[in-house]
Amino acid sequence: GLDVIETTSGTSVYRRNRISKRGNSIYRGILFMPILSTVRNNKYMKAFYDRLKENAKHSTAAQIAVMRKIILITHSLYKNQQVFDDCIYEKRIGWNK
């Protein structure tokens with residue numbers, strides 16, 4: 001449920017992207033509002049969001065991408081019994097700002 005559905009058919013049909021309804025709506029609802037604050041306050045996620053917006057992604061699609069990225073990072077940290085470390089993350093993504 002954290003993916004974007006694109007509806008196109010050749011050149012005649014084009015609809016706005018929307019969130020897939022396949023996953024649990026409770027999880028999507030719980031995660032959506034914190035993502036808005038994350039995009040404003042977390043420098044890494046803000047840069048990721050801004051890059052997506054510069055590449056002509058719709059706001060909702062960019063927010064869903066940030067949501068998915070947060071979940072993947074959280075799952076990895078939990079699975080490996082680690083805490084978030086800025087230095088390690090900056091090395092992995094090639095942060096140079």
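Confidence in this predicted model varies along the protein chain. It is lowest in strand S3, residues 13-14, where the mean pLDDT is 68. It is highest in helix H2, residues 43-54, where the mean is 91. For the protein chain, the mean pLDDT is 83. A value of 70 or more is reached by 92% of the residues.

The protein chain contains 4 helices and 4 strands. Read from the N terminus, the order of elements is β-β-β-β-α-α-α-α. The C-alpha atoms occupy a box of roughly 50 × 30 × 20 Å along the principal axes. The chain has 97 residues, and 22% of them count as buried. The exposed area of the protein chain is about 7,500 Å². Carbon and sulfur atoms supply 52% of that area. Contacts were also examined by sequence separation. Among those between residues at least 6 apart, 47% join residues at least 24 apart.

In soluble globular proteins, nonpolar side chains tend to be buried together. Here, the largest nonpolar core has 14 residues. Those with the most contacts inside this core are Ile35, Val39, Met45, Tyr49, Val66 and Tyr89. Two or more core residues come from each of helix H1 (25-41), helix H2 and helix H3 (59-79).

Tyr49 shows how one core residue is surrounded. Residues up to four places away in sequence are not counted here. Beyond them, Tyr49 touches Val39, Ser59, Ala62, Gln63 and Val66. One of these partners, Gln63, lies in helix H3. Gln63 has a relative accessibility of 12%, so this residue counts as buried; the cut-off is under 20%. With neighbours within four places in sequence left aside, Gln63 is in contact with Phe32, Ile35, Leu36 and Tyr49.

Lys53 belongs to helix H2. Its relative accessibility is 34%, so Lys53 counts as partly exposed. Neighbours within four places in sequence are again left aside. The remaining contacts of Lys53 are with His58, Ser59 and Ala62. Ser59 and Ala62 are also among the residues touched by Tyr49. Lys53 and Gln63 are separated by 10 residues in sequence. In space, their C-alpha atoms are 9.8 Å apart.

Nonpolar residues also appear at the surface. Ile26, Tyr27 and Ile30 make a nonpolar surface patch of about 360 Å². Tyr27 is part of helix H1. At 55% relative accessibility, Tyr27 is above the cut-off of 50% and therefore counts as exposed. Helix H1 also gives residues to the nonpolar core.

Side chains of opposite charge can pair when their charged atoms come close. The structure holds 2 salt bridges. In one, the side chains of Glu90 and Lys43 meet at 3.9 Å, N to O. This pair links distant parts of the chain. Glu90 sits in helix H4 (residues 86-93), Lys43 sits in helix H2, and they are 47 residues apart. Glu90 has a relative accessible area of 24%, which makes this residue partly exposed. Lys43 is also partly exposed, at 47%.

The other salt bridge joins the side chains of Asp50 and Lys46, at 3.6 Å, N to O. Both residues are in helix H2. They are 4 residues apart, so about one helical turn separates them. Asp50 is partly exposed, with a relative accessible area of 31%. Lys46 is partly exposed as well, at 37%. Helix H2 thus holds Lys43 from one bridge and both Asp50 and Lys46 from the other.

Backbone angles were examined in the loops. Ala56 lies in the loop between H2 and H3. Its phi is near 65°, a positive value in a residue other than glycine. Ala56 has a relative accessible area of 70%, so this residue counts as exposed. Gln81 lies in the loop between H3 and H4. Its phi is near 55°, again a positive value in a residue other than glycine. Gln81 is exposed too, with a relative accessibility of 70%.

Technical notes
Residues numbered from 1 in each chain as written. Predicted model: local features only at pLDDT ≥ 70, side-chain atom pairs only at ≥ 80, totals over all residues. Heavy atoms only, no water. pLDDT = per-residue confidence, 0-100. Core = buried A, V, L, I, M, F, W, Y, C linked by side-chain atoms within 4.5 Å. Buried < 20%, exposed > 50% of the residue type's maximum accessible area, 1.4 Å probe, protein only. Contact = heavy atoms within 4.5 Å. Patch = residues over 30% accessible without salt bridge, like charges linked within 9 Å, V, L, I, M, F, W, Y side chains within 5 Å. Areas by Shrake-Rupley, 256 points an atom, 1.4 Å probe, with all protein chains shown as cover. Salt bridge = Lys/Arg side-chain N within 4 Å of Asp/Glu carboxyl O.
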